[in-house]
Amino acid sequence: MPHPNQTFTELESRWHTERWPHLAKRQLTYNDIEPALDALAANEQLAHTVIGSSYLGTPIRRLSLGQGPMVVLAWTQMHGNESTATAAVLDWLQLLLNEQPTDLPADWQELVTLHVIPMLNPDGAAAGTRETAQGIDMNRDALAQQTPEGRLLWQQVQTLKPSVAFNLHDQNPYYAAGEGGDPATIAFLAPAYHPDKHVDGARLRAKQLIAHMRQVLSHWLPNGIGRYDDTYSQRSFGDAIAGTGASTILIESGEHRDDPSRQVARRLNVMALQAGLAALLSGVYQDYSLADYYAIPDNVSDGFVDIRIRNLTIDDGEHPPYQVDVCLNRDPDHQQSYLLEFVGDSTGQQGLEEVSGTGLKWQQLPQLGAVANSLLAHVREQLSQR
Ligand SMILES: [Zn+2]
């Protein structure tokens, strides 16, 4: 019997040679993906539909594969600055078209219809913002529906009536897979459809599919998978779509060490999506329990900071000296600049870069939010002289 991961290691090596090479960037715009969309749309196996356009008039396109009764819908980049999964879904379609996947039945396209909407928010993508051109966080617009992009997504859900929905995002680099765990390169959630977080059949299936996807991904990422908080949010699309009875699965792409363009998360998204589709068709997800889902460690926000300086002595010359950990994050608006994020006992947090401040002094009182470039330069300077 082949090792359960054998088909996925095959898929992984195919990804390395068949992925879209021009999409290896942290931030993708519509112009970046248009050639891949056009090339895929030209394939006669795929149905291509322009489902509408963004507020500023960029087309929003849907690619569909298969004619089966089980409807799967995946969308990406409703937040404009979260493009990792956009590359992944385009890779996934390419892999599905190039070769009959060994883990799917030969007639899989008679069993499933797979719809993919890459880049729901092309205006935000062009501007590099989370929000749409209207300044609206589209993922808080499921009820109010003031954005054309949000109305389109809702209309697609109402028309296609997916059984399984994949809601694909990026998360900030500071999430840890459990306290003390690695950066959460992938996080999963089966969103609640009610404040009481009931688990009905559809949500159970989503959790079982996630448990299976996690099992497959843990081959590459044993300590870097988190389980996202399931607090109900009625204005968010994932929760609203879970409320339609679709088994809804959120996948967040996150940080991986030394991988600023998130190509690890991109690759693992492809593996996760394929594992989910294969498990749906084989029924293997039914081997998993709710306990397997809850065994995934929490996706801990602020588990990481960009730089943590341990045990720095603060000595202003007037008061007795004291020791603190100093946590710094990059200023989102000025990437070369660092801001003080936390001062004190940082137990439970980790630095993506860890610096020992033992024996080093800083002579000013640190204030949260202050630009900390001079402190960091001072520490690095002293360390270099050791
Ligand atoms: Zn997002």
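A cavity here is a set of grid points where a 1.4 Å probe fits but cannot get out, and its lining residues have an atom within 4 Å of a point. This is a predicted model, and with that rule the count is 2 cavities of 30 Å³ or more. Here's a quick tour of both.

**Largest cavity**
- The largest cavity holds about 40 Å³ of space.
- Its lining takes in Pro191, Tyr193, Asp200, Ala202, Arg203 and Ala206, along with Ala242, Ala246, Ser247 and Thr248.
- Two elements, α7 (201–217) and β9 (247–253), each put at least two residues into the lining of the largest cavity.
- Of the elements, α7 chips in the most to that lining, with 3 residues.
- Chemically, the lining of the largest cavity splits into 6 nonpolar, 2 polar and 2 charged residues.

**Second largest cavity**
- For the second largest cavity, the volume comes out at about 40 Å³.
- Around the second largest cavity sit Leu23, Lys25, Leu28, Ser83, Thr84 and Ala87, plus Ser261, Arg262, Gln263 and Arg266.
- Here the elements giving two or more residues to the lining are α3 (84–98) and α9 (263–282).
- The lining of the second largest cavity breaks down into 3 nonpolar, 4 polar and 3 charged residues.

**Linings side by side**
- Nonpolar residues number 6 in the lining of the largest cavity, against 3 in that of the second largest.
- Charged residues number 2 in the lining of the largest cavity and 3 in that of the second largest.

How values were computed. Residues numbered from 1 in each chain as written. Predicted model: local features only at pLDDT ≥ 70, side-chain atom pairs only at ≥ 80, totals over all residues. Heavy atoms only, no water. 1 Å grid on protein atoms, 1.4 Å probe; cavity = no way out; pocket = protein on both sides within 12 Å on 5 of 7 lines; lining within 4 Å. Points joined across faces, edges and corners; volume = space filled by probe spheres on them. Helix = DSSP H or I, 4+ residues; strand = E, 2+ residues; numbered from the N terminus. Nonpolar A, V, L, I, M, F, W, Y, C, P; charged D, E, K, R; others polar.
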